[in-house]
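Please read the following report alongside the sequence and the 3D view. It moves from the domains of one chain to the contact between chains, and then to single elements and residues.

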Amino acid sequence: MPGPGSALTLILGVILLWLLLGLAGVFFPRNLHLVSRVLFPVGALGALALAAAALNALGQSTHSLILPLGLPDLPFHLRLDPLSAFFLLLLGAVTAGISVFAAGYFRKGEGTPPGLQCLYYHVFIASMALVLLADDAYAFMVFWETMALSSYFLVTSDHTKPEIRRAGFLYLLIAHVGAISILLCFGLLHGSGDYTFDNMRSVQLAPFWATVAFGLALFGFGAKAGMLPLHVWLPEAHPAAPSPVSALMSAVMLKTAIYGLLRVLFDLLHVQVWWWGVAILVLGIASALYGVVFSAVQSDMKRLLAYSSIENIGFILVGMGLTVIFQSYGMHSLAALALTATLYHCINHAYFKSLLFLATGSVLHATHERALGKLGGLIHRMPWVAWLALIGTLAIAGLPPLNGFVSEWLLLQAFLFTPNLPHPYLNMLVPVAAAAVALAAALAGYVMVKFYGVVFLGQPREEHLAEAKDAGIWERAGLIWLAAGCIALGVAPVAVIGVIDSVTGHLLGRTLGASATGWMFLTPISAGRASYAPFLFLLVILAVWLATWLAVRYYYHAGVRRAPPWDCGFPAQTARMQDSAEGFGQPIRQVFEPFFRMNRELPTPFDAAPRYRVSVEDHLWYWLYLPLAKVTDALTRVVTRLQRGRISVYLMYSFATLLVLLLFVQ
Amino acid sequence: MISWSGLVAQLTEILLAVLLAPILLGWVNQCRAWLQNKSGPGILQPYRTLRKLFEKEAVLAHGASPLFRATPYVLFACMCLAAAIVPILGTDLPFSPAADAIALVGIFALARVFISLAAMDIGTAFGSLGARREMMVGFLAEPALLMTLFTASLISQSTSLATIVQHRAQAEFVIYPSLAFAGIAFTMVSLAENARIPVDNPTTHLELTMIHEAMVLEYSGRHLALIELSSALKLFVYSCIGIALFFPFGIAAGGDSVGLMLALPALVAKLAVGGFAMALIETLSAKMRIFRAPEFLGTAFLLAVLAMLIHFLLEA
């Protein structure tokens, strides 16, 4: 077995390969054949190698390396420990599928030339890998910014449209506000030493400053993760990007923010205060509920998925909040359970969300439609995409025996075994939080039925959908890889938790020990308290299915006749009579009315040309962002008064500054 | 691991559930007829309907995808699995480690999502209407059911249904106030989930009121028979969950054969009483407007959360 050093070398080799592939794209920007048949598939192979190396490194000791790059006297410190190895595994495994899909996705004449796309794409994944490896604040911030910039260029690849430029600007703005906050957080953490993470680990901060550092980290990484109320960029930027990029951003980039938060909370800051956990928990619940309710009323399929990402980040934050609470009270095995649920949900979300984003990419290419109201019936025209998307849909809806259910199950178990926290208010918070998580999970089912039912089932809502072609072989291969991951992660949780255990062991010093009764049964605490065996579950379902099918075949030979739909005898059936996306979301709009800022334009019975319009907007935009923008605007106006445009005034400023400084020095 | 005798007992239990389920449905309908001063078709009527449906040819709409044909089988398999993990006669169930109370809710969710997708598959107005309403009922009923099960799990310190029953049946009799709230919530959820009055009406084909019936309009022949059987089985399983959580006395602990012999009459008696109570509720209440349903289920959800809070505050 190769040592940890060789794993790190291999990972760096893959990153170098990605950068070279990107460069090759620059030299042949319009050569679509080269980009899609050579560069992206090779990149996918590299991603697989990276995943394998990371998996290998998970069980081993940490390994550090100093790269003599960067500024003089400020080299890049890199470190491969189980936490970074886990997220690198996630990155490699998911990127392999996305890159293969991308090989078939990018076309001529769509925005940025394919060679440049290839550059941004590979710089993006390379910078994400480096963020995960960085071991000093300087390297971390450099890679973090590279990641933000390369993804900005990917988001705005269709930059001729003004709304896409606007989405890109919003993304860049919030990314930078977050980055400042992270920078300040590192500034606090390093104490009086240098900026390596090693030094930060040894610094003991006063409780007040530790709390400030925690707040800055939560703000900065939360902005990147799409946590409420910093989520506004997410539903704009994800739909604007090409589908493989949306998949990559949602599946991997949001997880780098989660990684950063975990790194700061459990590795750099040693202390944990219980109310930090409560803060994360409450923000997580808010994000989960908010994301899912908004995603239920969307009528654009990529926006729907983007809001669903906010929801899933919410679940991940809930798990993290619980971990902090348990850890602060010294309940280590429960903390291990909650952290396992968190990490499990990270990898699950990466798989099913990228699968669904890629499926929407195939639909978009086949139909040139993103609006749910103009799709429908694609299961007949695009069976491959439809059936693979069904797996993703069931997985994200949190249904057994697929992967989304496992992490939800673990999370709910963590809630269930919480009694006797030493704080009475916390004891009351726990059941309410569990109820909110259960509600959000059930709403996710609603959203996904809407998504799948409107896009793939029913009658086509537009004429031209009849010409839609199924995805090509590359796109299919990417989708199959991700769908297979959803099934494998769902059916073999004990093996996955075995992998996660090395991370929980590293961060908390305690592992979950997923099963005492063999690979089939997931029994996180003890077999008597809770157990779940997805494989047996699947087996029973399939066995009953088969037995019923055979029995019905054997005893009842009556055939099948095709006829027009019955529909209570209603004679004239058109595709318009099906629920539109707005129609399907209407109950949610009614039940959760206070969540939305709704503008409705209703026709009267006497309108000659009746028009119905409804727009659903975000209260936070009006309550938080627009006032902030106004204040900023007013402040800039005040500052502008200092700018007179005359050199004598500027010289006077310099002179005054000098005088003040001299006073202070004296 | 799984022994042969255990496997046989398990299969017997599933078979018993499948056989008894239509009778329970027939009993509820018969009681309702009696309460409404009608003579009623007899408790075996669901069997006659099922035989008729199984023998008819299945008419499939143009544009039905394989998903539409697969759904009745998925539904039936889900309900069989649910019947397998809920302790009906005894607690010695080899399949019960496969899925605990949380996974049981997952099974019902899986069935709900499949039937809703199948309802949208043909692309008729009624189909998507039914799917939308079913999911609306589901998103509130599911967490309410989960919270009810949580309360019972917290009392027994286990999410495994077999352990919950064992704990409740063997521990000395204690009145838990939290279970009273959970019981009311569970009753409300069962009415909604089994398409009963006041949330849905199983005998209507009126567009303003139907939920479940709107979804299965396009099914016929053996597919419809399987769906009807699954619905009956779902009612049976819900009744058995109610019995297991709130009246577990009489369910045999372990594989004790005398206990099993006694458990069957106890089960029949409890089901008869439960079925009559359901018929009574259905007769005494009126069907609600569809948008009153979220309020009804929201109440159930709040009661279930309250049950959990009470457990944390008073009983922990």
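In this predicted model, the domain assignment of chain A gives two entries, domain 1 (1-196 + 249-262) and domain 2 (577-599 + 612-665). Taken over C-alpha atoms, the centres of domain 1 of chain A and domain 2 of chain A are separated by 30 Å.

Both of these domains supply at least three residues each to the largest nonpolar core, which has 374 residues, with A129(A), V437(A) and L81(B) touching the most other members. The largest share of this core comes from helix α17 (residues 424-456) of chain A, which contributes 22 residues. L81(B), leaving aside its neighbours within four places in sequence, is in contact with F537(A), V540(A), I541(A) and V544(A), and also with A99(B) and I107(B) of chain B.

Between the chains, 73 residues of chain B are in contact with 70 residues of chain A. On the side of chain B that touches chain A, at least two residues each come from several elements, among them α2 (45-55), β1 (58-61), α3 (66-85) and α11 (293-315) of chain B, while α5(B) gives the most, with 17 residues. The residues of this side of chain B divide by class as in the table.

| Class of residue | Residues on the side of chain B that touches chain A |
|---|---|
| nonpolar | 47 residues |
| polar | 17 residues |
| charged | 9 residues |

The two chains are also joined by strands, for β1(B) runs parallel to strand β3 (residues 560-563) of chain A, with 4 bridges between them. Within this pairing, A563(A) stands opposite A61(B).

Turning to a single helix of chain A, α18 (residues 473-491) has 19 residues and reaches 26 Å from its first C-alpha to its last, close to the 27 Å expected at 1.5 Å a residue. The buried residues of α18(A) include W474(A), E475(A), W481(A), C486(A) and V491(A). These buried residues of α18(A) pack against several helices of chain A, including α3 (82-105), α13 (332-367), α19 (493-508) and α20 (534-555).

In chain B, I115(B) has its place in helix α4. Is I115(B) buried or exposed? I115(B) counts as buried because it has 25 C-beta neighbours inside 10 Å, where the cut-off for a buried residue is 20 or more. Leaving aside its neighbours within four places in sequence, I115(B) is in contact with T71(B), L75(B) and M215(B). I115(B) and F68(B), although 47 residues apart in sequence, are 8.6 Å apart in space, C-alpha to C-alpha.

Key
Residues are numbered from 1 along each chain as its sequence is written. Chains are lettered from A and ligands numbered from 1 in the order in which they are written. This is a predicted model: local features need pLDDT of at least 70, side-chain atom pairs count only at pLDDT 80 or more; totals for chains, interfaces and linings use all residues. Two residues are in contact if their C-beta atoms, placed from the backbone, lie within 7 Å. Ala, Val, Leu, Ile, Met, Phe, Trp, Tyr, Cys and Pro count as nonpolar, Asp, Glu, Lys and Arg as charged, and the others, Gly among them, as polar. Two strands pair if DSSP finds at least two bridges between them. A nonpolar core is a set of buried Ala, Val, Leu, Ile, Met, Phe, Trp, Tyr and Cys residues joined through C-beta atoms within 7 Å. A residue is buried if 20 or more other C-beta atoms lie within 10 Å of its own, exposed if 12 or fewer, and partly exposed in between; C-beta atoms are placed from the backbone. Domain bounds come from an automatic or database domain assignment. The expected span of a helix is 1.5 Å times one less than its number of residues.
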